[in-house]
Amino acid sequence: MLGDEVRRPPAHSALDALHPVPLLLMPRLALLLTTVIWGATFPATKAALEQISPLSFLLLRFFIGTLLVLAWVAVSRRRLHYDRAVLKASALTTVFLFLGYLLQTVGLKYTTASNSAFLTALYVIFVPLILMRIDRRVVLATVIAVVGLWLLIKPNAALNVGDLMTLGCALAFAGHIICLERYTRQVDAPSLLVWQMVAMTLLFLPAPWLEGAPASAFSPTAVLLIGLGVTGVLATLAFAVQMWAQQLVPAQQVALLFASEPAYAAWLSWYFLGEMLDLQGWIGSALILLAVVIGAFGG
């Protein structure tokens, strides 16, 4: 009947056509927001390291993160998977994550903070190269990002052993991003998160004895508590968001989104710690964000 035809909704409305767009943008925007947290970990960690040694700080950070995710599992009554596939995926991703943090931290003893920040962010190049996902847009975004990183961070061109370690750190973080793209789509992602946090805590457990950290280093000062709040709580939440988002976002786009981390770190250090950020630095950070828009949101 004609009345039925009038009431019948069209097969494809404009709203239906636009509906997938926010669904595609949500995980990318979520990753961009988590990168602000990753950037905040730099000034927070830098301030905390005035009191505590690096590996001992990492132990406390991941211990708090482990307690947080285990509490979430208990409160949500979520089933924790520990089958062979989950444990194998957790072991491999943890290897890359541990190597990334270890090489970055040890490398900082032999190189400058600017070199470390620049070389670590080179996973923006390594991820698409390893995966062989290279197109014009990715190449353009990667070149713009690297130029922006160079202008922002101003690394020293001379390489030393610390720089080589940090390059290894960038490769390790690239491997971790790639692994998460694969395994978050194959196994239970929350379980993967939990086992990684537990494994990282256990791996850093000998740190206080290896570094000979005094008891005073663990005093609950305001600086240490803020540092652990940012890295142990907020960064763990950011890691959980990353685990969810990487089920939907290609690894090379995740790497580009994370390339904005040094820009956020520089802005937050400028605002909270009073560190200088000249015109070249502002231009560099703007180029990084342009690369993110082109590579992760464009096309």
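1. Start with the loop between α7 (123-131) and α8 (136-153), which is where Met132 lies. This is a predicted model, and in it Met132 has a positive phi of about 55 degrees although it is not a glycine. Most residues other than glycine have a negative phi. Is Met132 buried or exposed? At 63% relative accessibility, Met132 counts as exposed.

2. Arg77 is worth a look for a similar reason. Arg77 has a positive phi of about 55 degrees, and Arg77 is not a glycine either. You'll find Arg77 in the loop between α4 (54-76) and α5 (84-107). Its relative accessible area is 78%, so Arg77 is exposed.

3. Now zoom out to the whole chain. How many helices and strands does the secondary structure come to? There are 15 helices and zero strands. The chain has 299 residues, and buried ones make up 46% of them. The accessible surface comes to about 15200 Å², and 72% of that surface belongs to carbon and sulfur atoms.

4. Next, think about how the chain folds back on itself. Take the contacts between residues with a separation of 6 or more: 91% of these are between residues 24 or more positions apart. For a single pair to look up, try Leu164 and Gly107: they are 57 residues apart in sequence, yet 7.9 Å apart in space, C-alpha to C-alpha.

5. On to the salt bridges. How many does a search of the whole structure find? The search finds two. In one of them, the side chains of Asp188 and Arg78 meet, at 3.1 Å from N to O. Asp188 sits in the loop between α9 and α10 (189-203) and Arg78 in the loop between α4 and α5, so this pair ties together parts that are 110 residues apart in sequence. Asp188 is buried, with a relative accessible area of 17%, while Arg78 is partly exposed at 37% relative accessibility.

6. Arg133 also has a salt-bridge partner, Glu181, and their closest N and O atoms are 2.7 Å apart. Why does this pair tie together parts that are 48 residues apart in sequence? Because Arg133 lies in the loop between α7 and α8, whereas Glu181 belongs to helix α9. Arg133 counts as partly exposed, at 30% relative accessibility, and Glu181 is buried, with a relative accessible area of 10%.

7. Here's a charged residue to puzzle over: Arg28, in helix α3 (residues 20-48). Arg28 is buried yet has no salt bridge. Where is the nearest side chain of opposite charge? That side chain belongs to Glu181, and it is 9.4 Å away. Since a salt bridge needs a nitrogen and an oxygen within 4 Å, that distance doesn't qualify. What the side chain of Arg28 does make is a polar contact with the side chain of Gln253, at 2.8 Å.

8. Let's turn to the nonpolar residues. In soluble globular proteins, nonpolar side chains tend to be buried together. The largest nonpolar core in this model has 67 residues, and the members that touch the most others are Tyr101, Ile177, Phe204 and Phe239. Which helix gives the largest share of this core? Helix α9 (residues 161-183) does, with nine residues. There is also a second, separate core of seven residues, including Ala48, Phe57, Leu60 and Leu224.

9. Tyr101 is a good place to click if you want to see packing. Leaving out residues up to four places away in sequence, Tyr101 touches Trp38, Leu58, Arg61, Phe62, Phe173, Met200 and Phe204. Phe204 is also one of the four core residues that touch the most other members.

10. Finally, compare two residues of helix α9: Leu164 is found there, and so is Thr166. Which way does each go, buried or exposed? Leu164 is exposed, with a relative accessible area of 54%. Thr166, at 0% relative accessibility, counts as buried. Not counting neighbours within four places in sequence, Thr166 is in contact with Gly107, Thr111, Ser116, Leu119 and Thr120. Gly107 may ring a bell here, as the residue with its C-alpha 7.9 Å from that of Leu164.

Definitions and conventions: Residues are numbered from 1 along each chain as its sequence is written. This is a predicted model: local features need pLDDT of at least 70, side-chain atom pairs count only at pLDDT 80 or more; totals for chains, interfaces and linings use all residues. Side-chain values use heavy atoms; hydrogens and water are left out. Helices (H or I, at least four residues) and strands (E, at least two) are DSSP runs, numbered from the N terminus. Buried means under 20% relative accessible area, exposed over 50%, partly exposed in between (1.4 Å probe, protein chains only). Lys and Arg count as positive and Asp and Glu as negative; His and the chain ends are not counted. A polar contact is a pair of N or O atoms within 3.5 Å; within protein, one must be able to donate a hydrogen and the other to accept it, and residues adjacent in sequence count only if both atoms are side-chain atoms. A nonpolar core is a set of buried Ala, Val, Leu, Ile, Met, Phe, Trp, Tyr and Cys residues joined through side-chain atoms within 4.5 Å. Contact means heavy atoms within 4.5 Å. Accessible areas come from the Shrake-Rupley method with a 1.4 Å probe; for residues, only the protein chains shown count as cover.
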